[in-house]
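Open your viewer, pick a cartoon view, and get ready to switch side chains on and off as we go. Each stop tells you what to select and what you will find there.

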Amino acid sequence: VLRLRRYLTELVNLEAGVDSDNRMRCGYSVVGPKSGRTACYESPTGSGYNLQTTTKSHRRFFLPPPGMDIHQYDLSGADAWTVAAWAKKFGDDSMFEDLRAGIKPHAMVVLMRREGNSVNLLDRATLRAMCKKVDKDGWEYAAGKKVVHMSNYLGQERTMSASILKDSCKELPDDLTQFKPLVVPSAECKKLQDTCFFQRYWGVGEWHSWWQRLLEGDGEFTSTTGHKRQFLGKRLKQGGGVDRKTHGEALAHAQIR
């Protein structure tokens, strides 16, 4: 079923039409997703599709007009750098300095799981060398990457576990007997989150608390780009505290640069 869904999605993209000038276009909505990013869809002219989701295997079908080029721009670790800057604002520069030293937070989380919190006492040159030895094809790396990203936005262990499994099913081998879905128990995700991620990057929790206090107040936030948002609707829970969904949306909104 998963393979069929993948093939059907690719077929829909390959059958997308072009305009009378043989060019493919798409439409954008600048107020689409709640995070403030743009949403992409089929062009009003009837050609194209969500071109932001074009797979690597299909990009070779797109040819630029004579004298022009096609480029891909993707900021490496943009979310991590933004979260690191927020954490630094609240007194924790550990993620910021890790990134500057070429240490990926998810590799650091894997290292802490293996070696314990004592690695936090090592200098970053040593840590960088140790992190480079972390197997990028291993389950720990995939789990660490998911835990780090989702912990930034209030992700919980059960959701992390389910997301890891779902991601492992995206790329199916032609020989399904070789397919090995990645199952990481929620308890393991919780361990990576609490005893590794938040132990080293405690400033992320302070960032979460700052947003909680803001939502408990007037709920108004102005991003670094000058975009102002007033969080209305359900901000608080009846029993006290901030609504988790709104809190997560606020953290995502803070990523607008």
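**Stop 1: the cysteines**

This is a predicted model, and our tour begins with a pair of sulfur atoms. Select Cys26 and Cys40 and show their side chains: the sulfur of Cys26 is 3.6 Å from the closest cysteine sulfur, which belongs to Cys40. Why is there no bond between Cys26 and Cys40? A disulfide needs the two sulfur atoms within 2.5 Å, so at 3.6 Å this pair is too far apart for a bond. The structure as a whole holds zero disulfides. While cysteines are on your mind, select Cys196 too: its relative accessibility is 2%, so it counts as buried.

**Stop 2: the whole chain**

Now zoom out and colour by secondary structure. The chain has ten helices and four strands. Following the sequence, you will pass them in the order α-β-β-α-α-α-α-α-α-α-α-β-β-α. Of the 257 residues, 37% count as buried. If you look at contacts between residues at least 6 apart in sequence, 57% of them join residues at least 24 apart.

**Stop 3: two loops with a positive phi**

Most residues other than glycine have a negative phi. Here are two places to look at the backbone with that in mind.

Start in the loop between helix 1 (2-14) and strand 1 (26-29), where you will find Asn22. Its phi is near 65 degrees, a positive value in a residue other than glycine. Is Asn22 buried or exposed? With a relative accessible area of 66%, Asn22 is exposed.

Next, move to the loop between helix 6 and helix 7 and select Leu154. The phi of Leu154 is also positive, near 70 degrees, and this residue is not glycine either. Leu154 has a relative accessible area of 15%, so it is buried.

**Stop 4: the second largest pocket**

Turn on a surface for this one. The second largest pocket has a volume of about 700 Å³. To find its middle, select Gly77, Ala80, His106, Lys145 and His149, which are the closest to the centre among the 21 residues that line it. Which elements give two or more residues to this lining? Colour helix 2 (78-89), helix 4 (105-115), helix 6 (139-151) and helix 7 (157-168) to see them. Helix 6 provides the largest share of the lining, with six residues. By residue type, the lining divides into ten nonpolar, six polar and five charged residues.

**Stop 5: around helix 6**

Stay with helix 6 and select Ser151, which belongs to this helix. Its relative accessibility is 1%, so Ser151 counts as buried. Show everything in contact with Ser151 beyond its neighbours within four places in sequence, and you should see Met160, Gln193, Phe197, Phe198, Val204 and His208.

Then step into the loop between helix 5 (124-131) and helix 6, and pick Asp135. Asp135 counts as partly exposed, at 42% relative accessibility. Setting aside residues within four places in sequence, Asp135 is in contact with Arg114 and Tyr141. Try a distance label as well: the C-alpha atoms of Asp135 and Ala107 are separated by 9.0 Å, with their positions 28 residues apart along the chain.

**Stop 6: Arg200**

Go to helix 8 (residues 186-200) and select Arg200. Is this arginine buried or exposed? Arg200 counts as buried, at 8% relative accessibility. What does its side chain make a polar contact with? The partner is the side chain of Asn120, at 2.6 Å. Expand the selection around Arg200, leaving out residues up to four places away in sequence, and you will pick up Asp92, Ser94, Asp98, Met108, Met112, Asn120, Arg124 and Leu127.

**Stop 7: helix 10**

For the last stop, select helix 10 (residues 244-253), where seven of the ten residues are buried, so the helix is largely enclosed by the rest of the structure. The buried residues to highlight are Thr246, His247, Gly248, Glu249, Ala250, Leu251 and His253. What do the buried residues of helix 10 pack against? Show helix 9 (203-216), strand 3 (220-222) and strand 4 (228-230) alongside them, and you have the partners in view.

Key. Residues are numbered from 1 along each chain as its sequence is written. This is a predicted model: local features need pLDDT of at least 70, side-chain atom pairs count only at pLDDT 80 or more; totals for chains, interfaces and linings use all residues. Side-chain values use heavy atoms; hydrogens and water are left out. Buried means under 20% relative accessible area, exposed over 50%, partly exposed in between (1.4 Å probe, protein chains only). A polar contact is a pair of N or O atoms within 3.5 Å; within protein, one must be able to donate a hydrogen and the other to accept it, and residues adjacent in sequence count only if both atoms are side-chain atoms. Contact means heavy atoms within 4.5 Å. On a 1 Å grid over the protein atoms alone, a cavity is a set of points where a 1.4 Å probe fits but cannot get out, and a pocket is an open set with protein on both sides within 12 Å along at least five of seven lines; lining residues have an atom within 4 Å of a point. Grid points are joined across faces, edges and corners, and a volume is the space filled by probe spheres set on the points. Ala, Val, Leu, Ile, Met, Phe, Trp, Tyr, Cys and Pro count as nonpolar, Asp, Glu, Lys and Arg as charged, and the others, Gly among them, as polar.
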